[in-house]
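Thanks, everyone. I would like to spend a few minutes on the charged side-chain contacts in this model, and then on one of the helices.

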Amino acid sequence: MDSTLLQQTPLQPDPGIGSGSGSERTPWGLKVFGVLLMVGGVLLIPQVVGVVVAMVELFAGGAYGDDSVLTVILSLVLAAAVCFAIIAGVVLGVRLVRGRRRRARLIAESMAIALALAFASDLMLYGVNEGLWLLGAAALILVAAHVAVDPSLSDERELQRRLRLMETRDELEEGTLGLDKSGAGFIELDFFNLFWIFVIASVAGVVIESIYHVLVVDFGHYEDRAGLLWGPFSPIYGFGALLMTLALNRFHNAPVPVVFLVSALIGGAFEYFVSWFMEYAFGAVAWDYTGTFLNINGRTNFMFMCMWGALGVVWVKLALPALLHTVNLIPWRWRYSITAVCAALMILNGVMTLVALDCWYSRLAGAAPDNALEQFCAEHFDNQWMEHRFESMSIDPGAAHRSS
C-alpha cells in the first residue's frame, strides 16, 4: 500500500456524514429519502384500509371457518405488518429529516422484514394485485435510504474512495477479495457476494435436479427443472444457498457432522415452507413425497433432508471458496455495474414469474383476463406454455386457500 496516498487521503469525518444521534448537519439526499419515506407511509394507508375492509367482508360472508384458520392468521399478519411498516417508515423519515440517525439502520431493517411479511401474506391471500406494487415501491425507497444512511457506505463513498480502490486491487491480487476481514465468518455478507451466491446456486440447482431426474427418477427422460420464466434458474436452490451461507458463515471451520446436521434441518424446513407456500398461494404442487420414509406431509422427507445436509457440507467446505474465485474473475472496475444490471434483470424475471403463475392459476380457476397484464400473459404464457416450462409443477385452484 502506498503510504503517500494514505497521507493524502485524510480520514476525518465530515460533519454531515455519520451515525450520530443529535444535531448533525444532514445531507440533502437523506432529507429527500426521509420525505419519501413519510410520503410512502401515507400512500400505504389505503392499503391498510383495504385490508381491514376485506377482512370485515370475509368475516361477514362466513369465509373464516374452522378450515380457514391460516387465512385468518395471514390476514392478521398482513394488517399488522403493513401497520408496522407505515409507522416505521414515518418514524425513520422524520428521524432522517431531523438528522437523527441513531438506530436508523435497525428501524430500516425492521421495516424491511415487515414489508416482506406483508408482501408474502398479500400474495397468498389475494394473488397479484395493486397493493403489491405499493409495497414494492416502499421497499425500493427503503433500500435507497438504507444505502444512503449506512455510515460504512457513506465513509467509503465520501472519505475513502481512493483508498478503497487500492485495497480492492490488492485483495484481488492476493485472492482475498470477498473474504470476511474480521475473521468472524468466511465471506463478507454484502449484497455483491449474496447476489452471486443466489445466481450460481440457482443454476447449479437446475443442473443437479436435471441429472437426478434423468438418472434416477425417469432414466433417459429429460425434464425442464427451471423455476423462473427465463433462464436456467431454480430459485429454491438459490434461496437455500443463501440460508446455508447466512447460517453457516461463522461455522465454516465446524466439524462436518455439525455442518451436515444444521444444513439438513435448514434445508428440510425451507423445502417444507416452499411447498406449503406454493400450494397455499397457487394450489401448485411441484413435488410430493407422500409414502416415502419419514416424510412430513409429503413436503419433505428423510432422504432429501440428508441430501440437503450433504449439499450444505459441500457448499460450505468446497463450493464457497471456488465461488469466490469465480466471482472475482469479474473485472473489479465493472463488478458493481454488472451486478446492478444482473440484479435488475433477475428481479424482473422473478416478478414476471409470479405474475405468470398467478395468471395461470386464474385461467385454470375459470377467470377471464380483465387487464392488460393478464391479457399479455394469456397470449405469451398460456397454459400450454406454462405446462411445458414448469413440467414438474401442477396447479389445482381448488387446492389453494387464498380468498380470491
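Before I name any pairs, let me fix the term: a salt bridge here is a side-chain nitrogen of Lys or Arg within 4 Å of a carboxyl oxygen of Asp or Glu. Please keep in mind that what you see is a predicted model. By that criterion the structure holds four salt bridges, and I will go through some of them.

Let me begin with R225, which forms a salt bridge with E209, where the closest N and O atoms are 3.0 Å apart. Because R225 sits in the loop between α9 (191-217) and α10 (235-248) while E209 belongs to helix α9, this pair ties together parts that are 16 residues apart in sequence. The side chain of R225 also meets that of E223 in a salt bridge, at 2.3 Å from N to O, so that E209, E223 and R225 are linked in a network of salt bridges. As for burial, R225 is buried, with a relative accessible area of 18%, and E223 also counts as buried, at 13% relative accessibility.

Moving along the chain, R299 forms a salt bridge with E279, with 3.0 Å between the closest N and O atoms. This pair links distant parts of the chain, 20 residues apart, since R299 lies in the loop between β1 (284-285) and α12 (302-327), and E279 in helix α11. R299 counts as buried too, at 12% relative accessibility.

That brings me to α11 itself, residues 256-282, a helix of 27 residues that reaches 38 Å from its first C-alpha to its last, close to the 39 Å expected at 1.5 Å a residue. After α11 comes G283, whose phi is positive, near 65 degrees.

How values were computed: Residues are numbered from 1 along each chain as its sequence is written. This is a predicted model: local features need pLDDT of at least 70, side-chain atom pairs count only at pLDDT 80 or more; totals for chains, interfaces and linings use all residues. Side-chain values use heavy atoms; hydrogens and water are left out. Helices (H or I, at least four residues) and strands (E, at least two) are DSSP runs, numbered from the N terminus. The expected span of a helix is 1.5 Å times one less than its number of residues. Buried means under 20% relative accessible area, exposed over 50%, partly exposed in between (1.4 Å probe, protein chains only).
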